[in-house]
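Here is a short set of exercises to work through with the model open beside you. Try each task on your own before reading the solution.

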Amino acid sequence: MIFYRDNENHRTDRAVTGDYLYVCGAGTQSVGTRAGIRSDYTCLRPDGREDYHIISLNAGRCYVTHGDTTYLLQPGDFSLYYPGEAQKYTLYEKDENQYDWVHFKGTGAAALLATLGFSRGGVFHGAGSDAADAFFPLTEEFQVRRENFRVHSAAWLSVLLCRLSRAAKQEARDAGERERRNTIFRIAATMQRNPDAPHDMEQYAAALHVGRDRFERLFREVTGMPPCRYLQNVKMREARRLLRGSDLNISEIALALSYSDPLYFSRQFRKEVGLSPRAYRAEWEKSLKNPSDPLL
């Protein structure tokens, strides 16, 4: 079932009000086989509404369009439409959907939303139970309409917007942290694959949009050691492999691992392994002749 809502606005939407925040409508909606309300539901408002509109999904799946992009809302996600923004969202009966919604306006609505980080409409994540806990008293105040319900519902709307903002910002921080960790894992994998390549730590820091010192701290948090030390370990491991499985001499192995000075390479190898490269190779060859000796 498709509902076309080109110019649908409740009577309260059109009311002239000087209130800082003014709740036009609020409620909880279910769309599903057990709800007994309606089948598949698509709402279309090509011209949008005169007020702001928030949909916060508690259960199921909702397909929400902003501009030319359609997003999948899952439980804990919410969608914000600005006045005049074309609206389209679809819920399917099979998904057993439940969502909270609120329409609002007011002289301070735009400034408050901007202060909270919502400078435009879109899809946001991380609302969860905090949003639901604010929606319930907001909806109750608006629908029961006790004394001063307008003031109370506006107050709960402020609480709701603050909680949505906090959740969205925390989700963004968490996503940023995950992306930073993934970037560091990719850098570490590059070191593993190409120990002989030049590795510019300043360039790696720039990829994370941080300074060199901050990059080194982040890298250590993820891998357990600073990047230069990590790369040194990788090179020494590759050096052991080459000493065991190739005919390259010490100078050639040093050069293959981007050490311009074979003596410096040998000193670093001894510091890491406890043997010089030459002694390590000799011990390895000895172990091959006598399998009872532990292999290095």
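Two residues are in contact when heavy atoms of theirs lie within 4.5 Å. Keep in mind throughout that this is a predicted model.

**Exercise 1. Getting an overview**

Task: Find how many helices and strands the protein has, and what share of its residues count as buried.

Solution: Start with the secondary structure: there are 10 helices and 10 strands. Next, look at burial: of the 296 residues, 43% count as buried. Finally, turn to the contacts between residues at least 6 apart in sequence: 72% of them join residues at least 24 apart.

**Exercise 2. Tracing the sheet**

Task: Work out the order of the 5 strands in the open sheet, and name the helices that lie on it.

Solution: Step one is the order, which reads β2-β9-β4-β7-β10, with antiparallel pairing. Step two is to find the edges: β2 (22-31) and β10 (122-124) each pair on one side only. Step three is the angle between neighbouring strands, which averages 15° when direction is ignored.

Now zoom in on one pair. Strand β4 (residues 52-59) and strand β7 (residues 78-81) are joined in the antiparallel sense by 4 bridges. Here I54 faces L80 of β7.

Last come the helices. Helix α3 (residues 128-144) packs on the sheet and touches β2, β4 and β9 (97-105); its direction is at about 115° to that of β2. Helix α4 (residues 149-193) lies across β2, β4, β7, β9 and β10, and it runs at about 65° to β2.

**Exercise 3. Three residues in strands**

Task: For H66, F78 and Q87, decide whether each is buried or exposed, and list what each touches beyond its sequence neighbours.

Solution: Begin with H66, which sits in strand β5 (residues 62-66). Its relative accessibility is 8%, and the cut-off for buried is under 20%, so H66 is buried. Setting aside residues within four places in sequence, H66 contacts Y71, S79, L80, Y81, E85, G121, G122 and V123. With one of these, E85, it shares a side-chain polar contact of 2.7 Å.

Move on to F78, in strand β7. With a relative accessibility of 1%, F78 is buried too. Its contacts, again without residues up to four places away, include I55, S56, L73, F118 and F124, and also L164 and A168. Check F124 in the viewer: it is 46 residues away along the chain, yet the two C-alpha atoms are separated by 5.4 Å.

Finish with Q87, found in strand β8 (residues 87-91). Its relative accessible area is 3%, so Q87 is buried. Beyond four places in sequence, Q87 touches C43, L44, R45, R49, H53 and Y81. The side chains of Q87 and R45 make a polar contact of 2.7 Å.

**Exercise 4. The two faces of a helix**

Task: Check whether the span of α6 agrees or disagrees with what its residue count leads you to expect, then find which of its residues are buried.

Solution: First, the span. Helix α6 (residues 212-223) has 12 residues; at 1.5 Å a residue they should span 16 Å. The end C-alpha atoms are 16 Å apart, so the two agree.

Second, the buried residues: in α6 these include F215, L218, F219 and V222. They cover an arc of only 100° around the axis, which means that they are on the same side of α6.

Third, the partners: the buried residues of α6 pack against α4, α5 (201-207) and α7 (227-245). Fourth, the face turned away from this buried side carries the exposed residues D213, R220 and E221. To close, look just past the helix, where G224 follows with a positive phi near 95°.

**Exercise 5. Positive phi values outside glycine**

Task: Locate H209 and S258, and state whether each is buried, partly exposed or exposed.

Solution: As background, most residues other than glycine have a negative phi. H209 has a positive phi, near 60°. Its place is the loop between α5 and α6, and at a relative accessible area of 74% H209 is exposed.

S258 also has a positive phi, near 70°. S258 lies in the loop between α8 (250-256) and α9 (262-273), and its relative accessibility of 40% makes it partly exposed.

Conventions: Residues are numbered from 1 along each chain as its sequence is written. This is a predicted model: local features need pLDDT of at least 70, side-chain atom pairs count only at pLDDT 80 or more; totals for chains, interfaces and linings use all residues. Side-chain values use heavy atoms; hydrogens and water are left out. Buried means under 20% relative accessible area, exposed over 50%, partly exposed in between (1.4 Å probe, protein chains only). A polar contact is a pair of N or O atoms within 3.5 Å; within protein, one must be able to donate a hydrogen and the other to accept it, and residues adjacent in sequence count only if both atoms are side-chain atoms. Two strands pair if DSSP finds at least two bridges between them. Axes are lines fitted to C-alpha atoms, for helices over the stretch in contact, and angles run from 0 to 180 degrees between N-to-C directions. The expected span of a helix is 1.5 Å times one less than its number of residues. The arc is that of the directions from the helix axis to the C-beta atoms.
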